Amino acid sequence: MREICQSVETIFQLLLDELKKSTRASEQNYQDVAGRLAAEVTRICTESQRIQDSGDIEGAAESLAQHRLQQCLHYYNLGSVPGRVELHSTLSAIVYRYITPPQVQSSYQARIELIKDFLQGFYLEALKAFRRETQLPPTFSPRTRLELAEYMAFVERFGKRRIPLPRNRSQQLIILRAQTFSQQQPKETSVDMEQAADGGAWDSDQTWNDTSVHSVREAMAGHGSSAIRPQGDESESLRQNVIDELVAYLKERNQEECADYFVLRLQDLPTNEIESILGITPRQRDYLQQRFKYHLLRFAMSHRWELVHQWLEADLDKNLGLLPSGWQSFGEQIGPEGQRLLKLKQQGLSESAIAQTLGSTVAQVQKRWFKLLELAWELRNRSDSGEGASTDE
């Protein structure tokens, strides 16, 4: 016990010195974070029979303290927003294959949305665990950059904890939580827009023939009712033009696999048949679909945005397809600079002329316009689905 007590003071001082050297915070902040990390290291070294039997408790404590410190500094150096993105990406990669039941075929986008919902709850659970294990008050929330880094490092470790299971097995905590979350999802099929557009990735003919799914599928495929999309040669010609241009765009960028995937999807082939034709595994198909969606977004929001938006009846003359309330919200959210860019686009000026007017480069104009179209797309989809604005914790 005496050895552990001496080690606590040594570990605390080591952590305190390193935090002062590597970060910028208040003295109290240094003391608090170093104290919490030192207490965790001490608890683990005390409770671990393996460490107790090793004969080098002090060495094990110092090694563990360094590991905790480096995790914290990793998120600190990334900063608030990149750090959150890194954490979200790390945890998303772990739970991706577990977020839907094995017998359910789900699109990449559908899984991403489920992961977002799941991780919101998991972050809250991790925060409660962090307060409990560090003996912080129930109202505590990270306020400084150092506290946020400490919390994000804890969340990653919390998710990766191994939980003992029967028959000498174990599993990471976040995977167990993801599996429980997946099992709690309603059994009825939700209308996933990407699945409806892709077709084929459904559990049964009964699901495929469901009226709501079928109507969305028709609309996205280009042969829906006139209430959804205008009929006639002009509409079909536009749709075919979009398809031809997208395939050409993919091939110009050496994305032949994406082009092949897109063409097969247009034929309404089942997912397993597409995998067989392309000679790829389900996992490879997931990655291919992800890559295709990336290029599709670039094509629709940047390379040929005018053609795509004209086909969707969401061009500038129609307020990017937004309802009056959505158009007003869009104007408020883009701010003065965005409104100026929007007006120049409405005047039909070229990108080079707009760049000269705004004192920017063409690349900067393209990037800003991409963001505006992305926001309009989000508002339009939210309006179509009847969703309200969401709030973060």
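What follows is a conversation between a student and a tutor about a predicted model of a protein chain.

Student: Let's start with the overview: how many helices and strands are there in the protein chain?

Tutor: Happy to begin there, keeping in mind that the model is predicted. Buried residues make up 42% of the 393 residues in the chain. As for secondary structure, the chain has 19 helices and two strands.

Student: Among contacts between residues at least 6 apart in sequence, what percentage join residues at least 24 apart?

Tutor: Contact here means heavy atoms within 4.5 Å. Counting the contacts in the chain between residues at least 6 apart in sequence, the share that joins residues at least 24 apart is 58%.

Student: On to the aromatic rings. How many aromatic pairs are there, and is the pair of Phe-122 and Phe-158 stacked, edge-to-face or tilted?

Tutor: Rings pair if their centres lie within 6.5 Å, and by this rule the count comes to eleven aromatic pairs. For Phe-122 and Phe-158 the centres are 5.6 Å apart and the planes make an angle of 35°. Stacked needs planes under 30 degrees apart and edge-to-face needs over 60. With 35° between the planes, the pair of Phe-122 and Phe-158 is therefore tilted.

Student: Which helices hold Phe-122 and Phe-158, and how many residues apart in sequence are the parts that the pair ties together?

Tutor: Both Phe-122 and Phe-158 are buried. Phe-122 belongs to helix α6 (residues 108-133) and Phe-158 to helix α7 (residues 145-160), so the pair ties together parts of the chain whose separation in sequence is 36 residues.

Student: And what about Phe-262 and Phe-292: is that pair stacked or edge-to-face?

Tutor: Phe-262 is in helix α13 (residues 256-266) and Phe-292 is in helix α15 (residues 282-303), so this pair ties together parts that are 30 residues apart in sequence. Phe-262 and Phe-292 are both buried. Their ring centres are 5.5 Å apart and their planes meet at 25°, so the pair is stacked.

Student: Which residues do ring pairs link into a cluster with Phe-122 and Phe-158?

Tutor: Phe-122 and Phe-158 form one aromatic pair. Beyond these two, the cluster linked by ring pairs includes Phe-118, Phe-130, Phe-140, Tyr-151, Phe-154 and Phe-181.

Student: Over the ring of which residue does the charged end of Arg-145 sit?

Tutor: For a charge over a ring, CZ of Arg has to be within 6 Å of the ring centre. The charged end of Arg-145 is 4.6 Å from the centre of its partner ring, which belongs to Tyr-76.

Student: Now the packing of helices. Are α5 and α7 roughly parallel or roughly antiparallel?

Tutor: The axes of helix α5 (residues 80-95) and α7 come within 11 Å and cross at roughly 0°. Angles under 35 degrees count as roughly parallel, so α5 and α7 are roughly parallel.

Student: How do the residues of the contact of α5 with α7 divide into nonpolar, polar and charged?

Tutor: From α5 the contact includes Ser-80, Arg-84, Leu-87 and Ile-94. From α7 the residues taking part include Leu-148, Met-152, Val-155 and Lys-160. Over the whole contact, the residues divide into six nonpolar, three polar and three charged.

Student: Arg-157 is found in helix α7 too. Is Arg-157 buried or exposed?

Tutor: Leaving aside neighbours within four places in sequence, Arg-157 is in contact with Glu-40, Arg-68 and Gln-71. Buried means under 20% relative accessible area. At 13%, Arg-157 therefore counts as buried.

Student: Which elements do the buried residues of α8 pack against?

Tutor: In helix α8 (residues 173-183), the buried residues include Leu-173, Ile-175, Leu-176 and Phe-181. The elements that the buried residues of α8 pack against are α5, α6, α7, β1 (162-165) and β2 (169-172).

Student: What is the phi of Asn-168, and where does Asn-168 lie?

Tutor: Most residues other than glycine have a negative phi. Asn-168 is not a glycine, yet its phi is positive, at about 60°. Asn-168 is exposed, with a relative accessible area of 82%. Its place is the loop between β1 and β2.

Notes: Residues numbered from 1 in each chain as written. Predicted model: local features only at pLDDT ≥ 70, side-chain atom pairs only at ≥ 80, totals over all residues. Heavy atoms only, no water. Phe/Tyr/Trp six-rings, centres within 6.5 Å; stacked < 30°, edge-to-face > 60°. Helix = DSSP H or I, 4+ residues; strand = E, 2+ residues; numbered from the N terminus. Buried < 20%, exposed > 50% of the residue type's maximum accessible area, 1.4 Å probe, protein only. Lys NZ or Arg CZ within 6 Å of the ring centre and 35° of its normal. Axes fitted to C-alpha atoms, helices over the stretch in contact; angles between N-to-C directions. Parallel < 35°, antiparallel > 145°, perpendicular 65-115°, else oblique. Nonpolar A, V, L, I, M, F, W, Y, C, P; charged D, E, K, R; others polar.
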